[in-house]
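Got the viewer open and a selection box ready? Here's a short walk, one stop at a time.

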Amino acid sequence: MAKKAKKNNDMAESVEVSKTAAIIMTIVFIILAVIFLFPILLVLMNSFKNKLYISEQPFSLPGGETFAGLSNYIGGLAKTGFFSAALNSAIITILSVILIVVLTSMTAWWLTRVKSKFSSVLYYLFVFAMIVPFQMVMFTLSKVTDILNLGNPIGIVIVYVGFGAGQAVFMFAGFVKSIPISLEEAAMLDGCTPIQTFFLVVFPILKPTAITVAILNAMWVWNDYLLPLLVLKSDYQTIPIAVQYLKGGYGSVDMGAMMGMLVLAIVPIVVVYLLCQKHIIKGVAAGAVKG
Amino acid sequence: MQKAYKKYFAVFVLPTLLAFTVFFIIPFVMGIVLSFCKFTTVTNARFVGVTNYIKAFSNADFLNALGFTTKFTIVSVITINVIAFAIAYGLTRGIKGTNFFRTTFFMPNLIGGIVLGYIWQLMINAVLANFDVTITSDAKYGFWGLVILMNWQLIGYMMIIYIAAIQNIPGELIEAAKIDGATKTQTMFKVIIPMAMPSITICLFLSLTNAFKLFDQNLALTAGAPSRKTAGLALDIYTTFYNRNGWEGVGQAKAVVFFIIVGAVSMLQLYITRKREVEE
């Protein structure tokens, strides 16, 4: 399916709609777009409102006595240590994604090229890991990471490699199968070691899949809440943990601080999305082509 | 060549395999063993047979969570896929602004579950305030709130996959159907949907597993309130583990049951929809 996707848009030409239909559809889509954007705009609007008015007049614009300036942001930052959480999130996401892409592509290539009982058993173990819900292993996993003392932003990266390996190996293996082996044979004849062959010949061909794997894993790791909550020592937070932390135990939530932090949590995502939109959308479409 | 490669096992496979073994296989196996034990930490486990499973299935919260998750999954999988397919179909008709709409509809997918949960908590409470209730006043608000949230999050993702699939259908097929006098409905159900079946398999699989495993959104939106009535399976398992002393074994047994259900349901779905894919 991925290969065919690039062919053309010939469907679009044969099914273009009449002018009136196009206008009606455009109007429907505009309404839908407003519905899709509204919740985010509502949070943005309320982040500038005094917290007492957020639950009372959620739909009114901030102004006059309801306007709170940046106090929600300042209060939220003071309560959560948001910036160090954002830094942790960034470190964990970047390192995990790089390690996952490099290590699992190597593994997938070896498993596909070396045909043996062992390699196919291993491959199916990776595939199996994809359907296991996190709750199944969360308690024991957090004990293992405790014993190994991995509850810091660097240690957790290895945990992500182990836990993300299943899907990534599966996606790379699917692509490796389509690479003609003759290229590698030529490289070997020219005197490349298998390591050189992989990094100089195979990996460049894997690039589209590598981008897809990177995007899907970045989305996962950046937004992940439960795994870092259980694995990281309590002095380390990530963005989702910092946001949830505002909720605290019982008692009421500081809605102002919450709105401010929600906006700060959304901004980096929107910026990255608008910059890499094409790659992200392509990557998601290609990533769906599973076995 | 195989021989040359084989020697490089330690370079290519070992690092991934080590991480995979330590952080997935060992916890998984330990998880199964511990589901038959009573324990508070891994070191003081004591074998108790199927007691944990009996306790799990006689636990009202667990049965309620099972019902909640099942209902939630059915409703959201249907709504997400129908709406996403309809949008994808509309966005492949060559109207202006297609790119803008696609970008907008996909965006919520990038926002994490915890943040999404609080965005919708504000949104839903804002609407419900007109009726003097909040999202936690009644389980039905929480349920439908989660359904709406899940639709908002996943429609864009499924739409992207459906758009790629619809664009892949050869134009000649649609032309041929037209010439043969097929109506629009017939073309949709006899040509477009069968041709898009592989993508439907994938989207059903993705939305099904996502809905079943739902945790972050559930925790942030209602945290199970009122009185654990809006807690799905994943949230119930978490609560059993961490908020109820002495119930760790039961939590683990619930997790094993959860794993078996997720595995069985997704395999069954793949099997059924795969059979309906058009042979190429």
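Start by selecting Gln252(B): with a relative accessible area of 0%, this residue is buried (buried means under 20% relative accessible area, exposed over 50%, partly exposed in between, using a 1.4 Å probe and protein chains only). Gln252(B) sits in helix H14 of chain B, residues 248–275; helices here are DSSP runs of H or I with at least four residues, numbered from the N terminus. Now show what surrounds Gln252(B). Leaving out residues up to four places away in sequence, Gln252(B) touches Met136(A) and Phe139(A) from the other chain, plus Gly31(B), Leu34(B), Ser35(B), Phe39(B) and Phe241(B), where contact means heavy atoms within 4.5 Å.

Before moving on, some ground rules: this is a predicted model, so local features need pLDDT of at least 70 and side-chain atom pairs count only at pLDDT 80 or more, while totals for chains, interfaces and linings use all residues. Residues are numbered from 1 along each chain as its sequence is written, chains are lettered from A and ligands numbered from 1 in the order in which they are written, and side-chain values use heavy atoms, with hydrogens and water left out.

Next, colour the two chains separately. Contacts link 107 residues of chain A with 101 residues of chain B. About 9500 Å² is buried between chain A and chain B, and carbon and sulfur atoms give 78% of that; buried area is the accessible area (1.4 Å probe) that two parts lose on being put together, summed over both. Select helix H3 of chain A, residues 19–46: with 16 residues, H3 gives the most to the side of chain A that touches chain B. That side of chain A divides into 79 nonpolar, 18 polar and 10 charged residues. (Ala, Val, Leu, Ile, Met, Phe, Trp, Tyr, Cys and Pro count as nonpolar, Asp, Glu, Lys and Arg as charged, and the others, Gly among them, as polar.) How many salt bridges are there between chain A and chain B? The count is 0, a salt bridge being a side-chain nitrogen of Lys or Arg within 4 Å of a carboxyl oxygen of Asp or Glu.

Jump to helix H7 of chain A, residues 117–131. Buried in H7(A) are Ser119(A), Leu122(A), Tyr123(A), Phe126(A), Ala129(A) and Ile131(A). Their cover includes helices H6 and H9 of chain A, together with H3, H11 and H14 of chain B. Click on H11 of chain B while you're there: 13 of the 17 residues of H11(B) are buried, so this helix is largely enclosed by the rest of the structure.

Now for the salt bridges, which number 5 over all chains. Select Asp254(A) and Lys51(A): they form one, with the closest N and O atoms 3.6 Å apart. The two are 203 residues apart, Asp254(A) in the loop between H14 and H15 of chain A and Lys51(A) in H4 of chain A. Asp254(A) counts as buried at 15% relative accessibility, whereas Lys51(A) is partly exposed at 42%. Add Lys79(A), whose side chain meets that of Asp254(A) in a salt bridge at 2.7 Å, N to O. Lys79(A) is partly exposed too, with a relative accessible area of 44%.

Last stop: Arg113(A) and Glu184(A), whose side chains meet in a salt bridge (2.7 Å, N to O). Arg113(A) lies in H6 of chain A and Glu184(A) in H10 of chain A, so the pair ties together parts that are 71 residues apart in sequence. Arg113(A) is buried at 10% relative accessible area, and Glu184(A) is buried at 1%.

Conventions:
Nonpolar A, V, L, I, M, F, W, Y, C, P; charged D, E, K, R; others polar.
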